[in-house]
2 protein chains.
Amino acid sequence: MSDSETNAARRSGPTIYDVAAACGVAPSTVSRTFSRPGRVNAETAERIRRVAAEMGYRANPLARALPTGRTSLLAVIVADVTNPFFFDILRGAETAADAAGYTLLVADVQESVDAERRALDRAIPMVEGVVLATSRMSDSSIRVAAKQRPTVVLNRSMTDVSSVAPDNARGMRRAVEHLAGLGHTSITYLAGPEASWADGIRWQAMREAAYELDLKVKRLGPFPPTQAGGLAAAQAFARSPGTAAIAYNDLIAIGAIRGMIRLGARVPQDVSVVGFDNIFGADFCTPALTTVAAPLRHLGSLAVEMLIRELRGGTRRSEPRTAVRSMLLPSRLLERASTGPVARRRRTWRTPPAAA
Amino acid sequence: MSDSETNAARRSGPTIYDVAAACGVAPSTVSRTFSRPGRVNAETAERIRRVAAEMGYRANPLARALPTGRTSLLAVIVADVTNPFFFDILRGAETAADAAGYTLLVADVQESVDAERRALDRAIPMVEGVVLATSRMSDSSIRVAAKQRPTVVLNRSMTDVSSVAPDNARGMRRAVEHLAGLGHTSITYLAGPEASWADGIRWQAMREAAYELDLKVKRLGPFPPTQAGGLAAAQAFARSPGTAAIAYNDLIAIGAIRGMIRLGARVPQDVSVVGFDNIFGADFCTPALTTVAAPLRHLGSLAVEMLIRELRGGTRRSEPRTAVRSMLLPSRLLERASTGPVARRRRTWRTPPAAA
DNA sequence: TCGTAGTTGGCAACCGATTGCCGATTTCTT
DNA sequence: AAGAAATCGGCAATCGGTTGCCAACTACGA
């Protein structure tokens with residue numbers, strides 16, 4: 001008997017037809033009561049609303065979505081959910097989406113372009129819009145996706161797709177100035193993934209800033225944007241040591257510091273290290289990390305808000321379609337304990353393992 | 001002109017009707033070609049598949065979902081996306097879901113029972129199943145949800161809903177034994193949220209273990225499961241100091257260590273601290289945290305796998321419905337640098353601020 | 001009093017798949 | 001060779017809302 005437990009019984013409750021019957025009106029009237037208030041006589045609407053509430057009626061979002069396309073779902077594609085960089089971004093996105101009545105569909109693509117495309121293919125038909133957080137895909141692939149659904153890219157700038165990113169160039173300039181002020185004359189960049197747009201921007205900004213301040217620059221990498229990548233970076237760094245390094249991100253910076261310490265260097269006495277993003281943990285690692293802090297939470301919420309604005313704009317057919325907008329959010333330099341004045345005399349490094 | 005840019009044009013491509021017309025067959029045949037292979041003649045199916053591929057046909061998941069209820073969506077409700085505890089859980093869940101062709105809908109409820117219920121209400125009609133990760137809701141609320149959709153709770157055990165949790169009791173016992181072995185005779189528990197099921201279990205297991213080993217226990221809290229909560233815990237601890245503390249989780253432990261150091265105590269010389277979960281950062285904070293490591297990734301993937309098994313089981317109406325299963329996954333103690341032998345002489349604490 | 005405009009509710013056609021049932025055709029029995 | 005069984009394609013209903021169009025009714029001005 002107990003089919004109260006079968007999946008069939010799990011199917012949802014009353015429909016507009018049930019409510020309509022109970023009220024003696026047509027289903028369309030019930031529908032309009034909820035989706036087009038004002039179109040229905042106030043008293044009728046009131047009665048319908050009351051009966052609906054009594055019956056526990058809830059509109060079936062799937063049925064609504066089929067003819068209208070309004071699923072109230074947004075996709076957020078993140079490169080790596082275990083990267084703390086995304087935590088606050090997700091939180092911001094969630095908050096903004098929730099406030100607007102949307103739900104997030106989060107896909108983790110594990111730093112893989114292939115998985116990213118698969119996730120997009122799967123998500124796109126179900127969602128109203130897409131946020132691509134730190135996509136590894138090419139600009140043209142992104143454009144293809146953006147043709148299918150309103151899209152906002154995060155942590156990247158594009159001319160023909162809306163975007164939100166921290167002002168990497170300004171942040172990098174601040175970091176370089178900071179190191180120059182401490183007496184460093186040569187800085188090494190510990191690069192992130194080659195496919196990363198932010199990596200390109202940061203490296204370029206670093207060269208420009210260094211040029212203006214008459215500093216020498218060097219580039220090592222690419223390294224995976226992880227602690228393990230940072231460890232590898234430390235070994236590469238030890239092979240051609242310097243007094244200061246700026247890492248693509250905090251994860252690499254933290255890994256690099258641990259690697260350097262393991263190789264016998266002191267931070268910041270022998271080497272100063274600057275990170276990027278101010279992720280969770282950047283304040284309690286040792287030494288606490290000097291880093292360029294991106295407004296992560298704000299980045300996430302802004303991306304979703306822009307997306308929703310575009311969605312709403314697109315509804316009214318008269319308008320030409322909301323213009324592409326690009327926003328750069330200011331980052332600031334957090335000076336903590338991983339940077340210091342350049343040392344008089346350098347420590348000798350232990351011999352690192354040979355290159356792979 | 002450029003309506004290639006309007007939202008209308010964004011609506012999806014060819015339907016089974018288009019494919020059917022192009023092949024000279026009925027739509028139902030096209031449908032069956034994909035959803036019930038074998039039901040259609042091999043040659044016909046081949047032709048249809050070819051034409052469909054040429055036209056770029058993709059089944060509309062919403063249209064499929066309406067009659068069948070199969071949305072290929074699973075909801076994961078997490079207490080706080082910015083809590084690193086969930087990162088690896090999410091990663092594990094993502095991986096398992098992806099492998100089974102499901103997509104995750106992630107809702108962050110910011111440690112609020114209210115938000116949790118709202119998120120559930122919103123998500124349930126669209127998803128096939130639900131994973132409740134560290135729910136703050138009451139058992140009875142969870143049962144209500146579980147009536148509507150197959151549900152697996154994570155980090156909690158229930159008799160009538162499937163669950164996956166780390167073996168908190170065993171882990172706690174290991175931690176207590178570890179401290180006892182270092183000579184500590186009294187241990188303080190820094191408690192987490194009162195609504196937390198895990199908190200209750202951990203505290204109870206600690207008392208039992210301490211009783212058997214003849215140690216004294218004390219309990220402080222509750223504290224929010226954050227670094228800030230840990231800071232508060234340190235102040236409370238300083239008012240009635242001891243030599244060892246076990247925190248509800250790593251976040252509290254890390255915050256507590258920082259707070260204790262700020263108050264003039266040395267860790268582990270004056271106080272030993274043990275955390276729970278082995279979250280991101282537990283290895284590179286100072287001192288590196290001794291902690292009970294839960295198999296987070298595995299927890300996440302197992303929860304999703306159990307859920308999917310339940311979904312599949314429920315499909316065949318003949319079967320009675322998959323039995324409720326509860327799994328306890330083993331945790332292990334990671335001995336790092338935040339615990340040490342009990343000190344001969346204790347440092348004096350600076351006076352902490354008065355209690356709030 | 002008639003005409004016109006403004007309200008308001010209902011009809012019915014969607015949205016795009018899935019699926020029970022039927023009948024035509026082929027294949028297998030005996 | 002006749003009947004039974006298996007195969008396969010099509011018809012049409014269905015999931016549960018949304019929405020264009022129409023008709024009935026009201027209200028108002030001329």
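**Two copies and a DNA strand**

In this predicted model, chain A and chain B touch through 44 residues of chain B and 44 residues of chain A. On the chain B side, the elements that each bring at least two residues are helix H1 (7–10), H5, helix H6 (85–99), strand S2 (103–108), helix H7 (113–123) and helix H12 (250–262). S2(B) gives the largest share, 6 residues. Sort that side of chain B by class and you get 20 nonpolar, 11 polar and 13 charged residues.

How do the two chains sit relative to each other? A turn of 180° with a shift of 0.0 Å along the axis lays chain B on chain A with an RMSD of 0.1 Å. The two copies are thus related as by a two-fold rotation axis. The contact fits in with this: 100% of the interface residues of chain B are interface residues in chain A too, so the copies meet through the same surface.

Now for the inside. The largest nonpolar core has 194 residues, and those touching the most other members are Leu74, Val131 and Ala256, in chain A and in chain B alike. Take B:Ala256: beyond its neighbours within four places in sequence, its contacts include B:Leu190, B:Phe237, B:Ala245 and B:Val273.

Last stop, DNA strand C. There are 26 residues around it, with A:Asn41, A:Pro67, B:Thr15, B:Ser28 and B:Ala63 coming nearest. Helices H2 (27–35) and H4 (61–68) of chain A and helices H3 (27–35) and H5 (61–68) of chain B each supply at least two residues of this surface; H3(B) has the largest share, 6 residues. By class, the surface near DNA strand C has 12 nonpolar, 11 polar and 3 charged residues.

Technical notes. Residues numbered from 1 in each chain as written. Chains lettered and ligands numbered in written order. Predicted model: local features only at pLDDT ≥ 70, side-chain atom pairs only at ≥ 80, totals over all residues. Core = buried A, V, L, I, M, F, W, Y, C linked by C-beta atoms within 7 Å. Buried ≥ 20, exposed ≤ 12 C-beta atoms within 10 Å, placed from the backbone. Contact = placed C-beta atoms within 7 Å. Near = placed C-beta within 6 Å. Helix = DSSP H or I, 4+ residues; strand = E, 2+ residues; numbered from the N terminus. Nonpolar A, V, L, I, M, F, W, Y, C, P; charged D, E, K, R; others polar. Least-squares fit on C-alpha atoms with pLDDT ≥ 70 in both.
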